[in-house]
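Reader: I have a model in front of me and some questions about its charged pairs and its core. Can we go through them briskly?

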Amino acid sequence: MKEYCLKTGRLLKLNRIWSIIFCIYFLTIFVSCDSSQKPTISKHAGLTLDSVAKHHLLSSIINSTQDNNRIRDSLFVEYEKSANFNKNIYYWALKALNLPFGFKDDSLISSVNNIYILPKQVDEWALKKYVLLKSKADHTDINSSEVTKELMNTRSQVEKSKSVFLFLYDNMLAMIFYTNQDSENSLRYIKLFRQNHPYATSARFLQMYYDIRFMISLDLDGTPGAETYLDSCQALARELDDTMALMRSIDFESQWLKKQGKTKEAVDRHRIYFNYLTKTKENTALKQYNNFADLFLANNQPDSAILYVKRGMEIARKNKKETKDMTSVLDILSKSYEKKGDYKQAYLYGRKQYEAYLQATEVMQKTAIADITARYDAQKKDEAIRSLQENNDLNSKFITQQRWTFIIFIILTIFIVFFVFSSYKQKLFKAEHDKLLLQHKQLVLEQKNRQNQLNPHFIYNSIANLQGLISTDKKLEANKYLVTLTKVIRDMLELNRKDFIPLEKEIDSLNNYVNLQQMRFNHSFEYHVETGDLDLDNTLIPPMLVQPFLENAIEHGLMSLEDKGCLQVRFYQTKGTLHIEITDNGVGVAENSQIKKKKESLSQVITEERIELLFGKDKHVAGMRKHPNFKHGGTGYQVEIYFPLTLNFD
């Protein structure tokens, strides 16, 4: 009895690790696409649906679980649009390969059995046999010699046929021999698995492969290469930034340390893995607590072992998760109390362990009988359904043969009409496209021309200002003015090369320009910029759009003031529209009609034309609004520019 419990506990512990790795692997290995973009069926335009499915069965190990699930669902949708999808092996392979080994789905098995495969379809035949054998294999218990023999014989046939799916059989045999505690043969087939896999050089494959090699090496005499494989799987987990894989490797490390007799270090390393599972709320299984308790027991900490086993049992009860095999759990409790010297409790838990063994044996027997009965009933139903289906197929075939000629004629006619119509439409679309492309080029050239017209106007005014400083023998001020002017011209040359620039650069350019004007007028006015909650780096604006209005405000509004002037620029957005308000407290336009004419400057006309070229002529979408004499007393001037908000990541 004790020998059975030790054997069962060891088997369950090793197989838990194998199960975790292969569950993760099978979630990613069968149904995905290129990880550089969202996988879609349309990516493989020109290929048949079966070719797309085959490609994903082979290449999905290099992609993420999310992408795999997406492409799998897309394939199911496309397959289920066809009338005979239930006779397609790729459809059922995608269904079955997402199920665990030893799955019990009699309807699926019956459907796969009834699929007819031509002798030349070697890959399809290999998939069919694999699905059927997978339903017989078991990754949590000893596999029968009949299953192992059948799998090896089938693998030999698949190898002779040179099917690309040979690696699936190598993987299954490696798992079965590992489960049957034959580590030598498990090592042999996991090497073949790597040798025959088409993506064996990918980082994700290697990370999974080194995980399995470590598990096998740990079970071999002398643990050959175990430390090397442990280092490799940890390095790849870091390279892939796969936290779960890294934590799993830490769990492996704790087993390695335990194997070396370093039980204290093993407990410390496993605590990291255990705390991670607790933090991610994945530490809800009794087996996690049981594994930790086993390490505490090995480190001669029976109290901690008892504590963690009982915590695990309490969580299992709260989550209402039935534990089918309690022998290893009760074994740890019995040994822990024995180490404490509490032989009464040790005896009681040893007794419970024996009762659990008897109960587990009875449950397995009942399950086996129920499984045989269910298979027999399902087989009878499937035979009846198959008989009816055959009769229906014969009737449908007879009716279909009478309609074929007419259907072919209709299809041919539709094809010819469609081809002629498509050719005509294609010519029309091409002509319209060429016309729109030419118009777009013309608009871009016009916009560039309007934008460049501002530069001579600004340079002329700036040189006049500089001349005024020099003529009044203000050399120091002229030097500072010249330096600032150089910055402004540099901004103008650099920014005018682009259609749009970040708002932050436009504001920097405005600051340089206003600084230039403040030097000229002895800082006779204040200047403020408000941006609210706008993202200055990613909000885009046409260059040199605001500067002409600042120039007008200073030249025609603030220069004539006796008091302190105020110039304010405000940027804000509402409902997807960027607004720019330029406001001054100058003399307004009522005093002199000539001022009003100057306000309607060439720069404003050019700016309006630029806005029309960039955003269209719809005034509800983009344009300018002028508000002269808007302040109390008939002074001040305000210009509002508005156009659609454009972001750098649109």
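Author: Start with Asp268, which is partly exposed, with a relative accessible area of 37%. Buried means under 20% relative accessible area, exposed over 50%, partly exposed in between (1.4 Å probe, protein chains only). This is a predicted model: local features need pLDDT of at least 70, side-chain atom pairs count only at pLDDT 80 or more, and totals for chains, interfaces and linings use all residues. Residues are numbered from 1 along each chain as its sequence is written, and side-chain values use heavy atoms, with hydrogens and water left out.

Reader: Which residue forms a salt bridge with Asp268?
Author: A salt bridge here is a side-chain nitrogen of Lys or Arg within 4 Å of a carboxyl oxygen of Asp or Glu. The closest N and O atoms of this pair are 3.5 Å apart. The two are four residues apart in helix α13 (residues 263–279), so about one helical turn separates them. Helices (H or I, at least four residues) and strands (E, at least two) are DSSP runs, numbered from the N terminus. The partner is exposed, at 53% relative accessible area; it is Lys264.

Reader: How far apart are the closest N and O atoms of Asp303 and Lys340?
Author: This salt bridge links distant parts of the chain, 37 residues apart. Asp303 sits in helix α15 (residues 302–318) and Lys340 in helix α16 (residues 327–340). Asp303 is partly exposed at 48%, and Lys340 is partly exposed at 45%. Their closest N and O atoms lie at 3.0 Å.

Reader: Is Glu640 buried or exposed?
Author: Glu640 lies in strand β7 (residues 637–644) and pairs with Arg625 in strand β6 (residues 623–628). The closest N and O atoms of this salt bridge are 3.2 Å apart. Arg625 is partly exposed, at 36%. Glu640 has 9% relative accessibility, and counts as buried.

Reader: How many salt bridges does a search of the whole structure find?
Author: Some share partners: Arg155, Glu159 and Asp170 are joined into one network this way. The search of the whole structure gives a total of 17.

Reader: Which helix gives the most to the largest nonpolar core?
Author: A nonpolar core is a set of buried Ala, Val, Leu, Ile, Met, Phe, Trp, Tyr and Cys residues joined through side-chain atoms within 4.5 Å. The largest one has 70 residues, with Phe165 and Met172 among those with the most contacts inside it. Eleven of its residues come from residues 166–179, helix α8.
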